[in-house]
Amino acid sequence: VEYLDILADILTTGKSSRLYKRLVYDEQIATDVGAFNFTRQLGGIFVLWATALPGQDPAAIEEALDEELQALLTDGPTQEELERSQAGQRASFVRGVERIGGFGGKSDVLAASQVYMGSPDAHKDMQARILTATTEQVHQAAQRWLSEGTFTLEVQPFPEYQVLESSVDRAAGLPAVTDYPAGVFPARRTAKLNNGLNVVLAERDAVPVVDFTLLLDAGFAADQFGLPGTANLALSLMEEGTTSRSALEISDELERLGASLSTGSNVDTSSVRLSALTDHLAPSLDLFADIVLNPSFPETEFERLRKQQLAAIQREKTQP
């Protein structure tokens, strides 16, 4: 199971993953790719998928998926690919068990360990297998489980539908809420830096993770005469290259550190967010600072992201 999870990472997690780099980054014939291993008690499914950029041939994308999978089956993963996945798997586990419930939360991990492996602490063995896996072990798992037995499904956009008249009476509105749960939040401390930046700190000690959000009091509503979508595209470009790092280098470094970073803009705010493991905090902050202070807004990445954003808008119009 763990080796198949690693294979999914190698194929689609991060900009340097085999399928993302080829289909989304280099050839730009897909807007996104993904893979996951869905294992149950008696069997499992390994899912590999891609979303075609409008106007691109799905058959060409399917051919590329097959080629990259066959290359992995033939040659196996590299040591660098394995180490990136191991760091990401550990970081994902740590962030998951900060929660009580939900997929990957404490209750989910303990219950799955008991049901599938006979002991609530068997997850420790699973984590150990991930962190001590070798390229040869992962290669053997790929050849054993992914070499045959494929099913291909192609999903086309929805056709145009019409809305029928409804006989449901909604005049009374939503049901009244009479009982409210009590919320308990960590205490907050505040400070102000010399540059005027306000700092808010909320501490929890459940897992060795530090989350940062640089929140800027300006969203796309502040630019009344700008083109819609420009602000969000500008923030997205910040993590696509700095004066000293390329987009792929940033992605690789985040994976090696087990860190995650996102940027974005909405109506009222713009933000840069970082989640870092405490034992890799210093280099994660160095990368965070470089992205915030030294973005280069490379032209090639701009064109790629613009195509992806336009395709995302088109997909939004097909979903209820």
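Colleague: Helix α2 (residues 18-26) caught my eye; how many of its nine residues are buried?

Modeller: Bear in mind that this is a predicted model. To read burial, take each residue's relative accessible area and call it buried when that value is under 20%. By that test α2 is mostly covered, with seven of its nine residues buried. They are Arg-18, Leu-19, Tyr-20, Arg-22, Leu-23, Val-24 and Tyr-25.

Colleague: And across the protein, what percentage of residues is buried?

Modeller: Buried residues come to 34% of the 320 in the protein. For an overall picture, there are eleven helices and seven strands, and the C-alpha atoms fill a box of roughly 55 × 55 × 50 Å along the principal axes.

Colleague: Back to α2. Which residue just after this helix takes a positive phi?

Modeller: The general idea is that most residues other than glycine have a negative phi. Here the residue to look at is Gln-28, with a positive phi of about 55° just after α2. Gln-28 sits in the loop between α2 and β1 (30-39).

Colleague: What about Phe-297; what is its phi, and where does the residue lie?

Modeller: Phe-297 has a phi near 50°, again a positive value in a residue other than glycine. You'll find Phe-297 in the loop between α10 (281-293) and α11 (299-316). Its relative accessible area is 39%, so Phe-297 counts as partly exposed.

Colleague: Now helix packing. At what angle do the axes of α1 and α4 cross?

Modeller: Start with the axes, then ask how they're angled, and finish with the residues that touch. The axes of α1 (residues 2-12) and α4 (residues 79-96) come within 9 Å and cross at roughly 110°. Angles of 65 to 115 degrees count as roughly perpendicular, and α1 and α4 are therefore roughly perpendicular to each other. Their crossing is right-handed.

Colleague: Which residues make the contact between α1 and α4?

Modeller: From α1, Asp-5, Ile-6, Asp-9 and Ile-10 meet Glu-81, Leu-82, Ser-85 and Gln-89 of α4. Sorted by class, that contact has three nonpolar, two polar and three charged residues.

Colleague: Let's try another pair. How do α3 and α7 cross?

Modeller: The axes of α3 (residues 58-75) and α7 come within 8 Å, with a crossing of roughly 125°. That makes α3 oblique to α7. The crossing of α3 past α7 is left-handed. On the α3 side, Leu-72, Leu-73, Thr-74 and Asp-75 meet His-139, Ala-142 and Gln-143 in α7. By class, this contact has three nonpolar, three polar and one charged residues.

Colleague: His-139 turns up there. Is His-139 buried or exposed?

Modeller: With a relative accessible area of 11%, His-139 is buried. The residue is part of helix α7 (residues 135-145). Leaving out residues up to four places away in sequence, His-139 touches Leu-72, Leu-73, Thr-74, Asp-75, Gly-76 and Pro-77.

Colleague: How far is the C-alpha atom of His-139 from that of Thr-78?

Modeller: Those C-alpha atoms are 9.7 Å apart, although the two residues are separated by 61 residues along the chain. To put contacts in a wider frame, take those in the protein with a separation of 6 or more: residues 24 or more positions apart account for 67% of them.

Colleague: On to the strands. In what order do β5, β6 and β7 form their sheet?

Modeller: With a sheet, get the order of the strands, then the sense of pairing, then the edges. This open sheet has three strands in the order β5-β7-β6, with antiparallel pairing. β5 (209-216) and β6 (260-265) are at the edges with a single partner strand each, so one side of each has no neighbour in the sheet. Neighbouring strands are turned by 10° against each other on average, direction ignored.

Colleague: How many bridges pair β6 with β7?

Modeller: Six bridges, in the antiparallel sense, link β6 to β7 (residues 270-277). To follow the register, see that Leu-261 has Leu-274 in β7 as its bridge partner, while Thr-263 stands opposite Val-272 in β7. A hairpin of four residues joins β6 to β7.

Colleague: Which helix lies across β5, β6 and β7?

Modeller: That's α4, which runs at about 100° to β7.

Terms used. Residues are numbered from 1 along each chain as its sequence is written. This is a predicted model: local features need pLDDT of at least 70, side-chain atom pairs count only at pLDDT 80 or more; totals for chains, interfaces and linings use all residues. Side-chain values use heavy atoms; hydrogens and water are left out. Axes are lines fitted to C-alpha atoms, for helices over the stretch in contact, and angles run from 0 to 180 degrees between N-to-C directions. Helices (H or I, at least four residues) and strands (E, at least two) are DSSP runs, numbered from the N terminus. Angles under 35 degrees count as roughly parallel, over 145 as roughly antiparallel, 65 to 115 as roughly perpendicular and the rest as oblique. A crossing is left-handed if the near helix is turned anticlockwise from the far one by less than a right angle, and right-handed if clockwise. Contact means heavy atoms within 4.5 Å. Ala, Val, Leu, Ile, Met, Phe, Trp, Tyr, Cys and Pro count as nonpolar, Asp, Glu, Lys and Arg as charged, and the others, Gly among them, as polar. Two strands pair if DSSP finds at least two bridges between them. Buried means under 20% relative accessible area, exposed over 50%, partly exposed in between (1.4 Å probe, protein chains only).
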